[in-house]
Amino acid sequence: MYGSDRDAERTAFRKTEKKYKLYCEDNSKSSKKKKQPKQVDLSEVLDFKSISESYNQKGEFPPGVVPVNCGFDRPIFRLENRSGFYFIPGALTLEEQCKWIRESLRNFPQPPNRTNHNVIYGPISNLFVAAKEGKVFVEEERSDNGLDSESSASVSNEDAHRWKFYEEDIARSRGKTCKSVSASILLRKLRWSTLGLQFDWSKRNYDVSLPHNRIPNALCQLAKRMAEPAMPIGEEFRPEAAIVNYFGLGDTLGGHLDDMEADWSKPIVSMSLGCKAIFLLGGKSRQDEPLAMFLRSGDVVLMAGEARECFHGVPRIFTDEENAEITPLELQFSHEDDHCFLDYIRTSRININIRRVF
């Protein structure tokens, strides 16, 4: 549930969001200078990477944080006052992170999966490839005299227009007679895509009638393995849908509940990829002051049971070299063929949320 009441601006959750949100210094004297982010006090942000290192070396952990012993192959922590919340720092290997970054950009936005672009452009095929090739998305009226022979694969809306990818010089030759947008801008404006059962954002429910593919088996198996600490003994997690969120510089995810699934006792499995972020975990009311914690690439969060009733959000991602903490990913994507992935992930974060629907 996403709230928009004015009262929400005065809640404890909203105040904490504003505390950590990206604000830039006022460089009004020289507008040409690159804006610098204002400094923010991060001393109260939980750092599970440091907690894990301290626990491994000395067996120590801070008050309120409890290690979970469940036969898992890496440290897992829970919070005493947030039943059903689990944090697995560094859960994904570097190879797994790179694999799912590639999939999130290249394949997950592919039709029939829906994205935030559907409402304006309809389903878009091969967006990442088009961005890599520097193509332009052009809207044209249906006509027998179009540029079909020189265009790449097309998509069509239900109205009397269609959008197609063209080479930049062809798109430029058409002048200002048609609307156009570069594929690279569309990629940067990609905010979400849906896997498995499709979520209808206009109605805020799952629409089983919408065309969809199953969640890739490799992702299902990974989610099942990660979900084990939050599952009842003897039960296996059953992934049915996933929402992939894409964050760029200054993007946020406001405080909300994931409340459209039937059984809240089953966890949401949330995987972080790319630039470091701050995650807020509140209580059952927006008036409850949230806990802030860092999310790094490869971290996994589980939310089940009572934790599903807690407001949560992402007020900040870090894209600067000092705080993004993506050097291992940069080295992994250093091959020439991976430069498009590298350029994207240097200033972005991807979050894959996998859940059981029914």
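Is Cys98 buried or exposed in this predicted model? Cys98 is buried, with a relative accessible area of 2%, and the legends below take up this residue again after the sheet, a helix and several loops.

**View 1. An open sheet of 8 strands with antiparallel pairing.** Followed from one side to the other, the strands of this open sheet come in the order 1-2-3-16-13-18-11-8. Strand 1 (65–67) and strand 8 (192–196) are the edge strands, each of them pairing on one side only. From one strand to the next, the twist averages 20°. As a general point for a reader new to such views, strands of a sheet pair through backbone hydrogen bonds, and they may do so in a parallel or an antiparallel way.

**View 2. Strand 3 and the two strands that flank it in the sheet order.** Strand 3 covers residues 82–88, and because 6 of its 7 residues are buried, the strand is largely enclosed by the rest of the structure. Towards strand 2 (residues 77–79), strand 3 is joined by 3 bridges, and the two run antiparallel. These two strands form a hairpin with 2 residues between them, and within this pairing Leu79 stands opposite Arg82 of strand 3. Strand 3 is also joined to strand 16 (residues 300–303), here by 4 bridges and again in an antiparallel arrangement, with Phe85 standing opposite Met303 of strand 16.

**View 3. The pairing of strand 13 with strand 18.** Strand 13 (residues 268–274) and strand 18 (residues 349–355) run antiparallel and are joined by 6 bridges. One residue pair that can be picked out here is Ser272 with Asn351, its bridge partner in strand 18.

**View 4. Helix 2 lying across strand 1, strand 2 and strand 3.** Helix 2 spans residues 48–58 and runs at about 120° to strand 2. Its buried residues are Phe48, Ile51 and Ser52. They cover an arc of only 100° around the axis, which puts them on the same side of helix 2. In general, an α-helix has 3.6 residues a turn, so residues three or four places apart point the same way. The buried residues of helix 2 pack against strand 1, strand 2 and strand 3, and also against strand 15 (291–295). On the face turned away from this buried side, helix 2 carries the exposed residues Gln57 and Lys58.

**View 5. The two ends of helix 2.** At the start of the helix, a side-chain oxygen of Asp47 reaches to within 3.1 Å of the backbone nitrogen of Lys49. Following helix 2 comes Gly59, a residue whose phi is positive, near 70°.

**View 6. Arg308, a buried arginine in a loop.** Arg308 has its place in the loop between strand 16 and strand 17 (312–317), and it counts as buried because its relative accessibility is 2%, where the cut-off for buried is under 20%. Its side chain reaches the backbone oxygen of Asp258 at 3.0 Å, while the backbone oxygen of Lys266 lies 3.0 Å from a polar atom of the same side chain of Arg308. Leaving aside residues up to four places away in sequence, the residues that Arg308 touches include Leu257, Glu261, Trp264, Pro267 and Met303.

**View 7. Backbone details in three loops.** In the loop between helix 3 (94–106) and helix 4 (118–121) lies Pro112, and the peptide bond from Pro111 to Pro112 is cis, with omega near 10°. Asn126, in the loop between helix 4 and helix 5 (127–132), has a positive phi near 60° although it is a residue other than glycine; it is partly exposed, with a relative accessible area of 36%. Glu325, in the loop between helix 9 (321–324) and helix 10 (327–332), is another residue other than glycine with a positive phi, in this case near 55°, and at 31% relative accessibility Glu325 counts as partly exposed.

**View 8. Cys98 and Cys178, in a structure with 0 disulfides.** Cys98, the residue of the opening question, is buried at a relative accessible area of 2%, whereas Cys178 is partly exposed, with a relative accessible area of 21%. A disulfide is, in general, a covalent bond between the sulfur atoms of two cysteines. A search of the whole structure finds 0 disulfides.

Note on methods:
Residues are numbered from 1 along each chain as its sequence is written. This is a predicted model: local features need pLDDT of at least 70, side-chain atom pairs count only at pLDDT 80 or more; totals for chains, interfaces and linings use all residues. Side-chain values use heavy atoms; hydrogens and water are left out. Buried means under 20% relative accessible area, exposed over 50%, partly exposed in between (1.4 Å probe, protein chains only). Two strands pair if DSSP finds at least two bridges between them. A polar contact is a pair of N or O atoms within 3.5 Å; within protein, one must be able to donate a hydrogen and the other to accept it, and residues adjacent in sequence count only if both atoms are side-chain atoms. Contact means heavy atoms within 4.5 Å. Axes are lines fitted to C-alpha atoms, for helices over the stretch in contact, and angles run from 0 to 180 degrees between N-to-C directions. A disulfide is a pair of cysteine sulfur atoms within 2.5 Å. The arc is that of the directions from the helix axis to the C-beta atoms.
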